[in-house]
Structures are given as structure tokens and as C-alpha cells.
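Hello,

As agreed, here is the structure for your files. My notes on what was found in it follow below.

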Amino acid sequence: MASLISCPHCGARPKEEFSIRGDAGLARPAPDAGAEAWFDYVYLRDNPRGRHSEYWHHSSGCRRWLIVERDTVTHAVHGVRDAALSKLGGEPA
């Protein structure tokens, strides 16, 4: 059976419909931050073990950005919410 992601807009969909875009907890530097801060932001990434929140794009469905909390060891999905609602203080879906 394929791995399914519970899209808050489309329901349970195969993971192949999504594109993973990276760490949802990464803070963007201020526009006037130095070159070192921008280098770190663009090129350096942690490789966490365990639960981690990531941006996923439902590219073959509703085309919404989601935040997926998953375990990087077991690949179990623990939660999915709309990224736009998360930024606006909305409740996770």
C-alpha cells in the first residue's frame, strides 16, 4: 500500500502527489543580515533524526502549501496542516 498524506483540503492522497520543500522551522534572516547569515540560511541544513516539520507542496492536487510533521526515521506522519493558516495563527487541520 502506498504512503498516504492526509491533505486538509483533498483528504488522504498518495505521497507521490506532493513535493517536499524543506524545514518548516527555518527562520529567514533580515534583509540587511550579513553574508554569513544568508550563507547559513541558503546552504546549511540540519539532518534531524525523529519528529520534524517540513513544508510540502500538494503539486498534483489542490496546490496548497502544507506543514507535515513526520518522523524522519520511520516516515510516520504525525500531523498535517495548511501552512497559510499556520502563519495566520489558524488551527491545524
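Strand S5, residues 65-71, is joined to S6 by 5 bridges, and the two run antiparallel. In that pairing, valine 68 lies opposite valine 80 of S6. S5 and S6 make a hairpin, with 5 residues between the two strands. Histidine 75 sits in the turn and has a positive phi of about 70°. Please keep in mind that this is a predicted model.

The hairpin strands belong to an open sheet of 4 strands, ordered S3-S4-S5-S6, with antiparallel pairing. S3 (19-23) and S6 (77-82) are the edge strands; each has a single partner strand, so one side of each has no neighbour in the sheet. On average, neighbouring strands of this sheet are turned by 30° against each other, direction ignored.

On confidence, the average pLDDT of the protein is 89, and 90% of the residues score at least 70. Residues 89-93 have a pLDDT below 50, and in the model this stretch has 5 contacts beyond near neighbours in sequence. Where pLDDT is low, predicted coordinates should not be read in detail.

Regards

Terms used: Residues are numbered from 1 along each chain as its sequence is written. This is a predicted model: local features need pLDDT of at least 70, side-chain atom pairs count only at pLDDT 80 or more; totals for chains, interfaces and linings use all residues. Side-chain values use heavy atoms; hydrogens and water are left out. Two strands pair if DSSP finds at least two bridges between them. Axes are lines fitted to C-alpha atoms, for helices over the stretch in contact, and angles run from 0 to 180 degrees between N-to-C directions. pLDDT is the predictor's confidence in each residue, from 0 to 100. Contact means heavy atoms within 4.5 Å.
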